[in-house]
Amino acid sequence: MTALGIALAAVLAFGQPAANSQPARPGAYQASGVVVAVDRDMGRVTIDADPVEALKLPALALAFNVYDQRVWSRVHKGQRLQFEFMKQGNN
């Protein structure tokens, strides 16, 4: 899997267990990183993510499509967070 151009559907899950623990839902991955951009118009959050061992992804910036509207009031540029994301189709 290449990291270039990856866009994954994300549901930010604040207060979740550490990134190495089991995901809360089947097919979900745990990760952590720093928010570098929030674009409500595009429905996307870009996170400078730490490595995701389960996907063999190195540390890199990833753009996540946000489907949970509650995220917008809880995420801010420069914020360090733990999050959960899922691959949905080609995204």
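How many helices and how many strands are there in the protein?

## Overall composition

The structure described here is a predicted model. The protein contains zero helices and five strands. Read from the N terminus, its elements follow the order β-β-β-β-β.

The protein has 91 residues, of which 36% count as buried. Its exposed surface amounts to about 5400 Å², and carbon and sulfur atoms supply 51% of that area. Among contacts between residues at least 6 apart in sequence, 62% join residues at least 24 apart.

## Strand β3 and its two faces

Strand β3 covers residues 44-49, and its side chains alternate between two faces. V45, I47 and A49 point to one face and are buried. R44, T46 and D48 point to the other face and are not buried.

## Partners of strand β3

Which strands pair with β3? One of them is strand β2, residues 28-39, which runs antiparallel to β3 and is joined to it by six bridges. Across this pairing, V35 stands opposite I47 of β3. The hairpin formed by β2 and β3 has four residues between the strands, and within this hairpin G43 adopts a positive phi near 70°.

Strand β4, made up of residues 60-66, also pairs with β3 in the antiparallel sense, again over six bridges. Here V45 stands opposite F64 in β4. Two of the buried side chains of β3, V45 and I47, thus recur in these pairings: I47 is opposite V35, and V45 is opposite F64.

## The nonpolar core

The largest nonpolar core comprises 18 residues. Those with the most contacts inside this core are V45, I47, F83 and F85. Strands β2, β3, β4 and β5 each supply at least two residues of the core. The greatest contribution comes from β4, with four residues.

V45 and I47 therefore appear in two descriptions: they lie on the buried face of β3, and they are among the residues with the most contacts inside the largest nonpolar core.

## A buried glutamate in strand β5

Strand β5 spans residues 80-86 and includes E84. Is E84 buried or exposed? E84 has a relative accessible area of 4%. Because this value lies under the 20% cut-off, E84 counts as buried. The side chain of E84 makes a polar contact of 3.0 Å with the side chain of Q30.

Technical notes:
Residues are numbered from 1 along each chain as its sequence is written. This is a predicted model: local features need pLDDT of at least 70, side-chain atom pairs count only at pLDDT 80 or more; totals for chains, interfaces and linings use all residues. Side-chain values use heavy atoms; hydrogens and water are left out. Buried means under 20% relative accessible area, exposed over 50%, partly exposed in between (1.4 Å probe, protein chains only). Two strands pair if DSSP finds at least two bridges between them. A polar contact is a pair of N or O atoms within 3.5 Å; within protein, one must be able to donate a hydrogen and the other to accept it, and residues adjacent in sequence count only if both atoms are side-chain atoms. A nonpolar core is a set of buried Ala, Val, Leu, Ile, Met, Phe, Trp, Tyr and Cys residues joined through side-chain atoms within 4.5 Å. Contact means heavy atoms within 4.5 Å. Accessible areas come from the Shrake-Rupley method with a 1.4 Å probe; for residues, only the protein chains shown count as cover.
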